[in-house]
Amino acid sequence: MKYWLEFSEICSGDLSEVGGKGFALSELARRGFPVPGGLVVTASAYRNFIRETGLEGRIARELYRKPLEEMRWEEIWDAALRIRHLFVSAEFPSALERKIRIAVEEKFGRRPVAVRSSAPGEDSSDRSFAGLHESYVNVRGTEEIMEKIVLVWASLWSDRALLYRRELKLEPTGSAMAAVVQEMVRGERSGVAFTVSPENDRQGLIEAVWGLNEGLVDGTVAPDRWILDRENGRIVSHSPAERRWRAAPGKTGTALKELDPRRVGQPPLDAGRVDTVFGLFRPLADYLGGPADFEWTFEGKRLRLLQCRPITAGRREETEPGERLWELDDRRPWYLNLQRSFVNLKKLRERIEGELIPGMEREARRLDGVRLERLSDRELTAEIKARSRIRDRWREVYWSEFIPFAHGIRLLGQVYNDAVRPADPYEFMDLLTSDGTEIEERRRILEELAETIRNNRKLDRKLERGEAGPEGSRFEKRLKEFMERFGELSCGVSQCALGREGIISILREMASQPKREKRKHPPGREEAFLSRFSGERRKTAGEVLDLARASYRLRDEDNIHLARIEGQLLKAQKEAERRGLRPRSHRRPRGKKKSGSGGGVVRPRQLTGQPANPGLARGRARAIRTPADLFRLRSGEILVIDAIEPEMTFVVPLAGGIVERRGGMLVHGAIIAREYGLPCVTGVPEALERIPSGAQITVDGYRGIVVIHI
Amino acid sequence: MTGAEQEVRRAVRKLLASQPLAVLCSAGGEQPYANLVAYAPSPDLKSLLFVTGRFTRKYDNLQDNRKAALLVDTRTNRPADFVSAEAVTAVGEVKEVSGRGREVFLRNFLKRHPALDDFARAPSTALFRFRVKDYVLVRTFQKVDILTL
């Protein structure tokens with residue numbers, strides 16, 4: 001099989017080699033539609049690449065470390081990042097490279113091109129992968145085109161695509177990817193058109209922006225909209241946008257530029273051009289045998305067709321008010337939402353820091369001000385319902401705004417790995433720091449208190465006997481301040497039964513060991529990263545880093561803000577319980593299962609998870625099933641836990657290693673393990689069910705396994 | 001029976017049912033030895049039957065040391081094996097079956113391997129019953145469970 005095919009060479013049997021997009025473009029070109037010329041790097045080239053580089057087996061191992069359906073989306077994110085890194089670091093097999101390089105060089109020379117994904121066998125009339133794989137525009141020169149082809153291949157394994165394939169129950173390892181390399185058109189006005197409007201099937205829809213249509217597609221430039229009568233193309237309505245920006249070709253890729261003031265008041269399309277775009281409606285619908293959406297651009301007066309695909313049944317780009325993102329049947333909008341562009345992330349940061357967090361704080365304060373004990377039973381019941389709604393609303397915000405903002409960290413990972421190509425795909429984490437966060441402040445004060453005990457044996461003995469330190473001493477003052485400031489955080493949202501006693505127990509345990517320092521990162525890593533860029537691009541890299549740091553800080557703090565709201569609901573429920581209005585809720589303890597008389601005993605020898613921080617640790621397990629268990633942790637024990645919440649991280653420096661049920665490189669357990677250099681395995685679904693406290697275990701942070709020595 | 005035990009038993013049963021041959025590991029003196037044998041598991045998984053010639057190295061080894069292991073796996077010798085192959089190792093002791101019970105056990109063995117009838121009934125062939133102490137089940141490359149019977 002050929003590793004590339006010109007549009008004009010592609011015939012009906014090549015669909016599985018060139019993918020839906022590549023096939024459609026070649027068909028459209030053959031039928032005389034105004035499609036810019038190009039070629040398709042075939043799925044065979046992709047298969048050759050992954051076979052020759054050994055990626056085939058490594059991808060399978062990443063994806064089947066445990067069943068895909070058992071992986072949290074964060075674990076899938078991590079697997080996607082690691083797989084992308086494998087592609088970026090792989091050496092192009094020389095014979096394959098030579099063939100593609102020659103074709104690309106002869107066809108395009110130094111002319112700018114677009115490199116687009118075209119996955120065979122995936123788009124169809126009832127499902128769409130649109131937007132889930134990568135495309136790159138304004139790519140110049142063979143070197144860069146070759147790099148982008150590899151990135152397009154890698155995007156077959158993007159987090160979004162994996163999540164969507166899991167949803168559709170498609171077997172990921174059977175997938176392949178072709179790449180369309182196509183002449184780039186420097187469009188002055190561009191857009192998207194739907195031959196059938198999603199809102200009214202008697203109408204069509206055109207959306208248009210000034211500049212390239214990348215701004216429209218990624219949501220950074222708002223489009224003007226025209227609703228048309230499908231029968232005759234008559235304009236039914238025109239809704240102008242607030243026109244401020246346009247996407248324009250940069251040195252490479254695209255850049256967002258301010259719109260020329262003369263164009264601000266001028267719609268991108270006049271009636272004649274609307275009619276020209278409408279002229280493609282019927283021929284495209286006839287060609288596809290049903291409704292189509294297509295991307296187009298005007299180069300001067302000449303209309304060019306960029307891509308075209310069938311409109312999928314029941315497709316929705318936005319959720320209805322009141323729908324919960326995590327409960328939708330078609331979660332593609334949410335998967336798409338996970339990948340925010342840099343500009344969107346910057347906007348999201350402004351919104352989170354300027355509106356959402358202050359809003360949550362205000363809400364928690366307002367709820368805290370309600371004197372629950374003064375409410376009648378009926379009022380209290382209504383208050384609980386209202387608080388439950390408020391909690392749901394903020395939880396939705398958490399999902400739709402805070403979680404996608406975590407992508408700021410991954411964006412840095414991607415930029416860093418592409419520029420630096422480090423051996424460890426998580427090296428970029430060293431550029432992030434939790435200094436200045438509330439959680440870090442709490443850890444610092446605890447260490448300071450432990451240090452006082454470490455240096456004062458008399459005080460230690462007094463505390464051991466359950467006595468307080470000297471009245472008015474600095475230790476007692478600091479401890480009191482600590483309890484007032486962080487008391488509510490020491491046991492999560494529920495009241496901590498142990499209170500002062502629990503904190504003293506932890507402090508004495510910390511004091512019994514030498515101070516544990518955070519891992520020092522090699523100096524100059526930030527500059528080593530930034531020095532890979534120059535001029536405007538260096539500035540952008542700096543902004544990406546700043547954004548990632550904000551995202552990293554928020555990861556600690558968003559849970560705390562949400563926990564405060566949830567805490568207010570809990571408070572009202574407790575008041576109701578106190579009055580006997582609601583039965584006390586009983587949760588079945590995790591891991592307790594009926595035992596019976598099967599005659600055999602099963603014990604785990606090795607459990608599998610994700611390697612979250614390298615290293616080996618052997619010690620006694622301390623399984624955390626209740627907040628009080630946290631205070632029983634002894635130095636060197638292995639913390640086995642469902643999920644380390646930010647408010648629990650203060651005990652981590654005591655642990656010899658961490659095993660966490662919740663998976664992902666950016667869960668708190670993994671982050672803090674990395675900071676302290678502790679071996680850590682996350683994403684072990686049966687951790688608490690199958691590892692009892694006291695068992696001797698080994699955490700293998702290199703391979704992501706936990707060995708139980710019984 | 002716990003959910004975990006049920007699940008592991010199911011997986012072991014399925015694996016044993018899927019493969020007619022196993023690798024038998026025996027030790028004579030200090031030298032371990034491995035070879036392929038046809039086997040048949042009992043419905044309760046507590047024993048595995050296999051036959052061997054009396055003039056073989058494995059027969060000598062098993063006379064010398066009754067402790068043995070049997071490995072059954074689903075590898076297909078493709079890259080996907082690293083994630084999808086499953087293996088179970090049975091650890092226990094063997095005993096040659098003789099006397100009145102032999103015919104019953106032999107029939108059970110031959111139900112699974114009717115083609116071995118001549119071989120199994122030959123006077124120079126011994127029928128062994130492998131009593132399983134533990135099954136060590138390995139899945140997804142490195143997830144390991146031990147089922148003790």
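**Exercise 1. How do α4(A) and α6(A) pack?**

How close do the axes of helix α4 and helix α6 of chain A come, and at what angle do they cross? Work out the relative direction of the two helices, then list the residues that meet.

*Solution.* A quick reminder before we start: this is a predicted model.

- Step 1: get the geometry. Helix α4 covers residues 73-89 and helix α6 covers residues 142-154 of chain A; their axes come within 9 Å and cross at roughly 155°.
- Step 2: turn the angle into a direction. Angles over 145 degrees count as roughly antiparallel, so α4(A) and α6(A) are roughly antiparallel to each other.
- Step 3: add the hand. The crossing of these two helices, α4(A) and α6(A), is right-handed.
- Step 4: look at the side chains and backbone involved. From α4(A) come Arg84(A), Phe87(A) and Val88(A), and they meet Val150(A), Leu151(A), Trp153(A) and Ala154(A) of α6(A).

**Exercise 2. Trace the sheet of 5 strands.**

Give the strand order of the open sheet of 5 strands in chain A, and say which strands stand at its edges.

*Solution.*

- Step 1: read off the order. The strands run β1-β2-β5-β3-β4 in chain A, and the pairing is antiparallel.
- Step 2: find the edges. β1 (4-6) and β4 (135-139) of chain A each have a single partner strand, so each has one side without a neighbour in the sheet.
- Step 3: add the twist, which averages 20° from one strand to the next.
- Step 4: zoom in on β5(A). Strand β2 (residues 38-41) is joined to β5 (residues 178-183) of chain A by 4 bridges. Here Val40(A) sits opposite Val180(A), and Gly38(A) has Gln182(A) as its bridge partner. β3(A) is joined to β5(A) by 6 bridges, again antiparallel, with Ser117(A) opposite Ala179(A).
- Step 5: check burial. In β5(A), 5 of the 6 residues are buried, so this strand is largely enclosed by the rest of the structure.
- Step 6: place the helix. α5 (residues 94-108) of chain A lies across β1, β2, β3 (113-118) and β5, and runs at about 170° to β2(A).

**Exercise 3. Now the sheet of 6 strands.**

Do the same for the open sheet of 6 strands in chain A, and find the helix lying across β6, β7, β8, β12 and β13.

*Solution.*

- Step 1: the order is β9-β8-β7-β6-β12-β13 in chain A, with antiparallel pairing.
- Step 2: β9 (235-239) and β13 (302-310) of chain A are at the edges; each has a single partner strand, so one side of each lacks a neighbour in the sheet.
- Step 3: neighbouring strands are turned by 20° against each other on average, direction ignored.
- Step 4: pick one pair. 6 bridges join β7 (residues 203-210) to β8 (residues 224-229) of chain A, and Glu207(A) has Arg225(A) as its bridge partner in β8(A).
- Step 5: the helix is α11 (residues 281-288) of chain A, running at about 30° to β13(A).

**Exercise 4. One arginine.**

Is Arg410(A) buried or exposed, and which residues does Arg410(A) contact beyond its neighbours within four places in sequence?

*Solution.*

- Step 1: locate Arg410(A) in helix α15 (residues 407-420) of chain A.
- Step 2: compare with the cut-off. Buried means under 20% relative accessible area; Arg410(A) has 5%, so Arg410(A) is buried.
- Step 3: list the contacts. Outside those sequence neighbours, Arg410(A) touches Glu74(A), Trp77(A), Asp78(A) and Leu666(A).
- Step 4: set this against the chain, where buried residues make up 55% of the 710 residues in chain A.

Definitions and conventions. Residues numbered from 1 in each chain as written. Chains lettered and ligands numbered in written order. Predicted model: local features only at pLDDT ≥ 70, side-chain atom pairs only at ≥ 80, totals over all residues. Heavy atoms only, no water. Buried < 20%, exposed > 50% of the residue type's maximum accessible area, 1.4 Å probe, protein only. Contact = heavy atoms within 4.5 Å. Pairing = 2+ DSSP bridges. Axes fitted to C-alpha atoms, helices over the stretch in contact; angles between N-to-C directions. Parallel < 35°, antiparallel > 145°, perpendicular 65-115°, else oblique. Left-handed = near helix turned anticlockwise from the far one by under 90°.
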